[in-house]
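Biologist: Hey, can you walk me through this one? I'm new to this, so keep it plain.
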Amino acid sequence: MSSKGKVASVRVKDVNAFQLTPGLADALTASLDASYLEYITAACSRASTKEAERRIAAIPEEKRYLTRVLDSLDSAFADFDTETAMLDLLHMQNRKPEAIKRYLEFRLRQFKMLLDAVEDYVEGKYPATGGHS
């Protein structure tokens with residue numbers, strides 16, 4: 001998303017920025033509506049995205065990409081506790097602490113990008129009126 005709530009065109013370099021993670025294949029196929037992939041394909045080839053946008057608009061909210069992201073964050077952080085996480089770090093066998101740190105940094109960058117996009121949308125769509133809330 002670009003600022004002011006407009007859908008940004010997807011660039012090939014954006015698609016190439018995907019990092020291969022265990023959940024990516026599932027996210028791009030099983031759990032992501034085909035309309036999103038249709039949009040990305042059309043945008044990358046500079047074809048019209050209108051039909052894909054129309055189909056995306058018809059997706060029920062519980063099946064939307066953003067709903068999946070928000071629900072995942074809720075599941076991940078509903079009982080968040082750093083002390084419990086530190087106890088786990090001592091005993092992780094398959095994921096080394098350095099790899100966990102890099103992974104979390106990557107996810108933090110993704111989260112920041114999402115937050116920035118939503119913030120741009122909200123500021124463009126619902127400008128502050130000044131004064132107190």
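Modeller: Sure, one term to begin with: buried means under 20% relative accessible area, exposed means over 50%, and partly exposed is in between (1.4 Å probe, protein chains only). By that scale arginine 55 is partly exposed, with a relative accessible area of 40%. Also, this is a predicted model: local features need pLDDT of at least 70, side-chain atom pairs count only at pLDDT 80 or more, and totals for chains, interfaces and linings use all residues. Residues are numbered from 1 along each chain as its sequence is written, and side-chain values use heavy atoms, with hydrogens and water left out.

Biologist: OK. How many helices and strands does the protein have?
Modeller: There are 7 helices and 0 strands. Both kinds are DSSP runs numbered from the N terminus: helices are H or I with at least four residues, strands are E with at least two.

Biologist: And how much of the protein is buried?
Modeller: Buried residues are 14% of the 133 residues.

Biologist: Which residues make up the largest nonpolar core?
Modeller: Seven is the count to look for: the 7 residues are Leu32, Tyr36, Tyr39, Ala43, Ala52, Ile56 and Ile59. A nonpolar core is a set of buried Ala, Val, Leu, Ile, Met, Phe, Trp, Tyr and Cys residues joined through side-chain atoms within 4.5 Å.

Biologist: Which helices supply at least two residues of this core each?
Modeller: Helix H3 (34–44) and helix H4 (50–57) do. H3 gives the largest share, 3 residues.

Biologist: What does isoleucine 56 touch, leaving aside neighbours within four places in sequence?
Modeller: Isoleucine 56 is in contact (heavy atoms within 4.5 Å) with Ser35, Tyr36, Tyr39 and Arg64.

Biologist: Switching topic: how many salt bridges are there in the whole structure?
Modeller: A search finds 4. A salt bridge is a side-chain nitrogen of Lys or Arg within 4 Å of a carboxyl oxygen of Asp or Glu.

Biologist: Why would side chains pair like that?
Modeller: Side chains of opposite charge can pair when their charged atoms come close. Here, glutamate 38 and arginine 55 meet at 2.5 Å, N to O. Glutamate 38 is in helix H3 and arginine 55 in helix H4, 17 residues apart, so this pair links distant parts of the chain.

Biologist: Is glutamate 38 buried, exposed or partly exposed?
Modeller: Partly exposed, at 26% relative accessible area.

Biologist: What's odd about arginine 46?
Modeller: Arginine 46 has a positive phi of about 60 degrees, although it is not a glycine. You'll find arginine 46 in the loop between H3 and H4, and its relative accessible area of 79% makes it exposed.
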